Amino acid sequence: PPPANDDCAGAISLTPAASCTNITGTLNSATANGTVPLGCFAAGTYYDVWYKFVAVSQFPTITVGAVGTNLNTAAVRTQVFSGVCGSLTQVVCSSTLATSFTFNPLIVGNTYYVRVTTNNLSAVQASGTYTFNICISYPAPVVSSRMNEVFQQTTLVSGPTTNPAAN
């Protein structure tokens, strides 16, 4: 049978974290999908699996690692979409083997879909090492300079003031 996340509606949830928490995936037995916007892919038949996540950072990093030998040869590809299944808009597309990438700011709180596929499979793969790990991490918050902290804590007022030292 195909994987549970063979279609967008069955997307497996990924939980973004400060460091990667890998989930194992596979393209084994994935079925053809011809209804997804192509984005950076040429027209064709693509065997894919789906994941989703809720953005907790504007700049997450998606990492696809531990790519199995057969999938590495077939060249894993990744797309990120906004919207809902059946009405997706591409946010970013990796048309080359990119195992980790970041992209333009996402809207915190919105759900995004991640499609993992390859453009080099011509049939369903029932066996072989078409496996991978996937995770989403987000950068640590930027610590502002001390001057910025002082500036943010300073309240500016207009009008007459009294000098406490003069009283």
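This is a chat about the cores, ring pairs, salt bridge and disulfides of one predicted model.

User: Before we start, what kind of model is this, and how are residues numbered?

Analyst: This is a predicted model, in which local features need pLDDT of at least 70 and side-chain atom pairs count only at pLDDT 80 or more, while totals for chains, interfaces and linings use all residues. Residues are numbered from 1 along each chain as its sequence is written, and side-chain values use heavy atoms, with hydrogens and water left out.

User: Ok, which residues touch the most other members of the largest nonpolar core?

Analyst: That core has 24 residues, and those touching the most other members are Tyr-51, Phe-53, Ile-62, Val-114, Val-116, Phe-132 and Ile-134. A nonpolar core here is a set of buried Ala, Val, Leu, Ile, Met, Phe, Trp, Tyr and Cys residues joined through side-chain atoms within 4.5 Å. Buried means under 20% relative accessible area, exposed means over 50%, and partly exposed is in between, using a 1.4 Å probe and protein chains only.

User: Which elements give two or more residues to it?

Analyst: They are strand 4 (46-54), strand 5 (61-65), helix 1 (69-74), strand 6 (76-84), strand 9 (111-118) and strand 10 (131-137), and strand 4 gives the most, with four residues. Helices (H or I, at least four residues) and strands (E, at least two) are DSSP runs, numbered from the N terminus.

User: What is Ile-134 in contact with, leaving aside its neighbours within four places in sequence?

Analyst: Ile-134 is in contact with Leu-14, Thr-21, Asn-22, Ile-23, Tyr-51, Ile-62, Thr-63, Val-64, Val-114 and Val-116, where contact means heavy atoms within 4.5 Å.

User: And which residues does the second core include?

Analyst: The second core is separate and has six residues, including Cys-8, Phe-81, Leu-88 and Tyr-113.

User: Switching to rings, how many aromatic pairs are there?

Analyst: The count comes to three aromatic pairs, under a rule in which rings of Phe, Tyr and Trp (its six-membered ring) pair if their centres lie within 6.5 Å, with planes under 30 degrees apart counted as stacked, over 60 as edge-to-face and the rest as tilted. One of them is edge-to-face, because the rings of Tyr-51 and Phe-132 have their planes at 80 degrees, with their centres 6.2 Å apart. Tyr-51 lies in strand 4 and Phe-132 in strand 10, so this pair ties together parts that are 81 residues apart in sequence.

User: Is that Tyr-51 buried or exposed, and what about Phe-132?

Analyst: Tyr-51 is buried, at a relative accessible area of 1%, and Phe-132 also counts as buried, at 1% relative accessibility.

User: What about charges: how many salt bridges does a search of the whole structure find?

Analyst: The search finds one salt bridge, defined as a side-chain nitrogen of Lys or Arg within 4 Å of a carboxyl oxygen of Asp or Glu. The side chains of Arg-115 and Asp-48 form this bridge, at 2.7 Å from N to O. Arg-115 is in strand 9 and Asp-48 in strand 4, so to speak distant parts of the chain, 67 residues apart, and both residues are buried.

User: Which other side chain does Arg-115 join in a polar contact?

Analyst: A polar contact of 2.6 Å joins the side chains of Arg-115 and Gln-79. A polar contact is a pair of N or O atoms within 3.5 Å; within protein, one must be able to donate a hydrogen and the other to accept it, and residues adjacent in sequence count only if both atoms are side-chain atoms.

User: Last topic, how many disulfides are there, and which cysteines do they join?

Analyst: There are two disulfides, a disulfide being a pair of cysteine sulfur atoms within 2.5 Å. One joins Cys-8 to Cys-85, S to S 2.0 Å, and this link is left-handed, with -75 degrees about the S-S bond. Cys-8 is in the segment before strand 1 (12-13) and Cys-85 in the loop between strand 6 and strand 7 (87-94), 77 residues apart. Cys-20 and Cys-135 form a disulfide with their sulfur atoms 2.0 Å apart, and their link is right-handed, with 60 degrees about the S-S bond.

User: Where do Cys-20 and Cys-135 lie?

Analyst: Cys-20 lies in the loop between strand 1 and strand 2 (23-26) and Cys-135 in strand 10, so the pair ties together parts that are 115 residues apart in sequence. Cys-20 counts as partly exposed at 36% relative accessibility, whereas Cys-135 is buried at 1%.
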